[in-house]
Amino acid sequence: MIVSSKHGNQGQRTTPQQAGEPVAVSPHRDKTAPLPTIDLTRQHPSAAFVKRVPIGFARDKRVLGISGDEDRLVLAMVDPTDHQTRDVMRRWLGGAFDVAAADAKDMAAAINQAYGTQTGAAHDYVEKLDRETVIGEVKELENREDLLNVSDRAPVIKLVNLVLFEAVQQEASDIHIQPYEDRLVVRMRIDGVLFDTFDLPAGVQEEVTSRIKVMARMNIAEKRLPQDGRATVQIGDRVIDLRVSTVPASHGERVVIRLLDKSIRLYTLGDLGMDPVTLNHFARLIGVEHGLILVTGPTGSGKSTTLYASLGEINSTERNIITLEDPIEYQLDGISQIQISDKKGMTFASGLRSVLRQDPDIVMIGEIRDHETAIMAIQAALTGHLVFSTLHTNDAASSVTRLLDLGIEPYLVSSSLVGVLAQRLVRRICPQCAKPYTPKPAELETLRYAPGAEELAGFRKGAGCDACRGTGYHGRQGCFELLVVDDEIRTRIQANETAAAINNAVIRAGMRSLSDDGLEKVVAGQTTLDEVMRLSMRAGF
C-alpha cells in the first residue's frame with residue numbers, strides 16, 4: 001500500500017507498475033483494505049534517497065526510496081506502520097513523500113542494487129563517499145601535529161574506503177600505494193596498465209599504511225620487514241578478497257593490494273579469445289585420460305583463468321578433481337581446492353604427495369617452481385593422472401627446456417608432456433568509441449599486408465571516452481599458441497634439442513604463434529598494433 005506522508009497526514013494509494021514506470025498515486029485510499037506490496041524489482045531507486053540516507057540505516061530499517069509520479073519520492077517499507085522511521089526520513093529527505101509496503105525478501109537485494117550502482121557507495125569497509133570532500137579532509141590532517149592511531153581517524157578510514165571502492169568500480173586488479181619524499185601516490189592497474197589515481201600529502205602516509213594493516217590483520221608496529229595479509233570487503237552483493245603486501249622503502253612502506261572479485265562470472269574456454277582451430281585442439285587435449293598439460297606466460301597473463309576454464313569444461317561427478325593453489329582465487333563447485341602455505345609446511349611438492357593418496361583423476365598444481373614439484377607432477381602424469389600446471393616462460397617451446405633445466409630427464413618430459421599453451425593478454429578496443437582507421441605503410445609492413453588489401457576495412461582504434469577513461473581500450477582478451485606434443489616433438493625432446501629448434505618444428509607443422517595470433521586480432525579489429533607491440537611477445541617481432 002502507498003499512503004501519503006506530509007507532516008503526518010495520510011491519504012493516498014498506488015498499485016504496482018511495470019518495469020521502469022513511475023509509481024502512480026491514487027487520490028483516495030480505503031483504510032480497511034489489505035496492504036498490497038509494490039514490486040521492487042520493477043522500480044527505479046531514487047538518487048536523492050541514496051545520496052542522503054546511509055546504506056546501514058536503509059538495511060536496518062528495511063526502507064528504500066523509489067521514483068514516483070513526476071519524480072515524487074515513494075518510500076518503500078517492509079513495515080509501513082513504522083512511524084518513527086518515517087519521521088526520521090521526513091527530516092533527512094526534507095520534503096513530502098508517499099509510503100509503500102514492500103516485500104521483505106526483495107528489499108535487501110533492491111538496497112544492494114541501489115547503492116551498488118551509485119559512485120562512492122558500498123558496505124562494510126567501503127561506504128558512501130565524496131571524493132573531493134575526503135581528499136580535503138585528509139589534506140587537513142597534514143597540518144596537525146598529533147597524528148594518532150589510524151583506526152581512530154575517520155578521514156583516513158574514508159580515504160582507504162574511497163580508494164578500494166574506486167578500484168572495484170574501475171575493475172582494477174591491483175592498487176599500488178607508493179610513498180615519495182614529498183607526496184603519496186596511489187596507482188591502479190587497470191587492464192594490465194598502471195594509472196595514477198590519487199596524489200596525497202606525504203604526511204598521511206603512515207596513517208594510510210596503518211589503516212590497511214589493521215584491515216589485513218598485520219602488525220602495525222613492524223615497519224622494517226615485509227609483511228603479507230588478507231582481508232575481505234563487500235560492496236552490495238559483491239565480495240572482494242584483498243591480498244595485501246608491504247615492503248619497507250626509502251620514504252616509508254610501499255603497499256600493494258591485489259583485488260579478487262569472488263562474485264564475477266568464471267570464464268569458459270570460448271570466452272578467452274582463442275581462434276576456432278586452437279580452441280578445438282585444446283578442448284580435445286584437456287579431454288585425455290592422463291598426461292601433463294602446461295599453461296605458460298609471465299605474471300598477469302591470465303594463466304589461472306585459463307586453468308579454471310579448463311577445469312570447468314571437464315568437471316563432472318564421475319571425476320575426482322583436486323587443486324593445489326597459492327592463493328585460491330575463485331571457488332569451483334564440485335572441486336576440492338587446497339591452499340598452499342609455505343609457513344605451515346604445505347608446499348606444492350608436499351601437498352601433491354598427499355593429494356595423490358586421495359585417489360584423484362585430475363590434479364591442478366598452481367605452479368611448478370622447483371625440481372621436486374616438477375618430478376612429482378611428471379610422475380603423477382605417468383601413473384594415470386591428468387595434471388595441469390603453469391610455468392613462467394616466454395613461449396610454448398621454452399617450457400620444454402625449462403623442465404630440462406629443472407633437472408628432469410628428457411625421456412620423462414617426452415613421455416609425460418602432452419601439450420603446452422602459451423598466452424598473453426592484450427587490451428580490447430573500447431566498443432563505445434571504436435572508429436575505423438587506415439593503417440600506415442609501416443604498420444602494413446609489420447602486418448605483412450599490401451596497401452589496398454580488402455582486409456584493411458576491419459582496422460579500428462578507440463578514440464577515447466568516459467567508458468574507457470580516455471585510453472581507447474576496455475577489457476582484455478588472450479593471444480595464444482598451442483604446442484601439441486606428437487611423435488616428432490617427442491623425438492626432438494629426447495634428443496635434447498633447443499627451444500628454437502622445437503619452436504621452428506611446430507610452426508612448420510602449422511602452429512599459430514603468439515605474434516601471428518595477435519596480428520590476426522589486429523586485422524579483425526579486436527585490438528591495435530600498438531597494443532600487440534607493447535607486449536613484445538616474440539623476440540623477432
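## Lysine 303

In this predicted model, K303 is buried (under 20% relative accessible area, 1.4 Å probe, protein chains only) but forms no salt bridge (a Lys or Arg side-chain nitrogen within 4 Å of an Asp or Glu carboxyl oxygen). E367, the nearest side chain of opposite charge, is 7.3 Å away; Lys and Arg count as positive, Asp and Glu as negative, and His and the chain ends are not counted.

K303 belongs to helix α9, residues 303–314 (helices are DSSP runs of H or I, at least four residues, and strands runs of E, at least two, numbered from the N terminus). A polar atom of the K303 side chain lies 3.2 Å from the backbone oxygen of G297. Leaving aside residues up to four places away in sequence, K303 touches (heavy atoms within 4.5 Å) V295, T296, G297, P298, T390, L391, H392 and Q423.

## Nonpolar cores

The largest nonpolar core (buried Ala, Val, Leu, Ile, Met, Phe, Trp, Tyr and Cys joined through side-chain atoms within 4.5 Å) has 44 residues, of which L294, V413, L417, L483 and I489 touch the most other members. Helix α11 (residues 371–382) contributes the most, seven residues.

## Confidence and conventions

The mean pLDDT (the predictor's confidence in each residue, 0 to 100) is 81, with 82% of residues at 70 or more. Strand β11 (residues 291–296) has the highest mean, 97, and strand β1 (residues 2–5) the lowest, 46.

Residues are numbered from 1 along each chain as its sequence is written, and side-chain values use heavy atoms, without hydrogens and water. In this predicted model, local features need pLDDT of at least 70 and side-chain atom pairs 80 or more, whereas totals for chains, interfaces and linings use all residues.

Definitions and conventions. Buried means under 20% relative accessible area, exposed over 50%, partly exposed in between (1.4 Å probe, protein chains only). A polar contact is a pair of N or O atoms within 3.5 Å; within protein, one must be able to donate a hydrogen and the other to accept it, and residues adjacent in sequence count only if both atoms are side-chain atoms.
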